[in-house]
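Below is a walk through one protein model, going from its sheet to the packing around it. Keep the sequence and the coordinates at hand while reading.

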Amino acid sequence: MDAQEVSGLRADLPGQYLKVFVRDADGFRQPGRAYTVRRFDPKTSELELDFVLHGDEGNISRWASRAKAGDTLEISRPNTRSGIMIDPEGKNYFLFADETGLPAVAAIVEALPATATARLWIEIANTKEMQPLSAEAAVSVRWLCRELGETLVDAAKDLSIPSGSLVWVTAESGQVAAIRAGLKKQQSVETYALHASGYWKRGVADHRDPD
């Protein structure tokens, strides 16, 4: 989509998120929802967002499922505290996400230098939800399917993370809290290098943990 009038978007800051708004049939703007930037091209001002479709369950999902070329929506500028600066000297990355955090993870691995190594754990409903990921870095991905009983929390248990690694966790708030608690017990995981945020919470509309 064309984002020429949106300030604050940065291609070198993967993981930025913003609010998306649509209007109903009577022209009234509906409550917005937070979405992570999948990709931004500063040369063309082209912005890519990924939408998880839930049929007509939400106004954004309803709009996205029917969207066609030329349709419009409204977006805010990115949250000023969102996104992550990639350290060109960084070597090890451990990234955990479900469908809601997948756009951020995909953007991060694309931004990593070729000298980096990233291990990814992505929780999805089933194998149909797998997506190709591109990166210059050495990336390994483990897809966790809920229909098989696989979860991020279980995958993170007893995981040994080397000192100096950056850890990124984005998923349901309860899962994130459990993973964060487990990782904090490891002395090798420094607080400043642990980025853990709940992108949604069961039973709560438009939830996102504070940055």
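In what order do the strands of the open sheet of 5 strands run? The model, which is predicted, has the order β7-β6-β5-β8-β9, with parallel pairing. At the edges are β7 (138-145) and β9 (194-200), each of which pairs on one side only. From one strand to the next, the twist averages 10°.

The pairings can be followed across the sheet from the β7 edge. Strands β6 and β7 are parallel and share 8 bridges; across this pairing, Ala118 stands opposite Val139 in β7. On its other side, β6 (117-124) pairs with β5 in the parallel sense over 6 bridges, and the bridge partner of Asn92 there is Thr117 in β6. Strand β5 (residues 92-97) also pairs with β8 (residues 166-172), again in the parallel sense, over 5 bridges. In that pairing Phe96 faces Val169 of β8. The remaining step joins β8 to β9 through 6 bridges, and the two strands run parallel. Here Glu172 has Trp200 in β9 as its bridge partner.

Next come the helices. Helix α2 (residues 102-111) forms a right-handed β-α-β unit together with β5 and β6. Helix α4 (residues 173-184) lies across β6, β8 and β9, and runs at about 155° to β8. Helix α1 (residues 59-66) has the buried residues Asn59, Ile60, Ser61 and Ala64. These buried residues of α1 pack against β1 (17-21) and β2 (33-41).

How far are the strands covered? For β6, 6 of the 8 residues are buried, so this strand is largely enclosed by the rest of the structure. The edge strand β9 is mostly covered too, with 5 of its 7 residues buried. In a regular strand, side chains alternate between the two faces of the sheet.

The largest nonpolar core has 22 residues, and those touching the most other members are Tyr93, Leu95, Val105, Leu112, Ile122 and Trp168. At least two residues of this core come from each of β5, α2, β6, β7 and β8. The largest share, 5 residues, is supplied by α2. For one of the residues named above, Ile122, the contacts beyond four places in sequence are Ala97, Leu102, Val105, Val141, Arg142, Trp143, Leu144 and Leu152. Apart from this core lies another, of 18 residues, including Phe94, Ala156, Leu183 and Val189.

Strand β6 also holds Glu123. Is the side chain of this residue placed in a buried or an exposed position? Its relative accessibility is 4%, and because buried means under 20%, Glu123 counts as buried. Which backbone atom does the side chain of Glu123 reach? The partner is the backbone nitrogen of Leu152, at 2.9 Å. Leaving out residues up to four places away in sequence, Glu123 touches Ala97, Asp98, Glu99, Leu144, Arg146, Glu150, Thr151, Leu152 and Gln175. Leu152 thus appears in the contacts of Glu123 and also in those of Ile122.

Key. Residues numbered from 1 in each chain as written. Predicted model: local features only at pLDDT ≥ 70, side-chain atom pairs only at ≥ 80, totals over all residues. Heavy atoms only, no water. Pairing = 2+ DSSP bridges. Helix = DSSP H or I, 4+ residues; strand = E, 2+ residues; numbered from the N terminus. Axes fitted to C-alpha atoms, helices over the stretch in contact; angles between N-to-C directions. Contact = heavy atoms within 4.5 Å. Buried < 20%, exposed > 50% of the residue type's maximum accessible area, 1.4 Å probe, protein only. Right-handed = clockwise from strand over helix to strand, strands pointing away. Core = buried A, V, L, I, M, F, W, Y, C linked by side-chain atoms within 4.5 Å. Polar contact = N/O pair within 3.5 Å; in protein donor to acceptor, adjacent residues only side chain to side chain.
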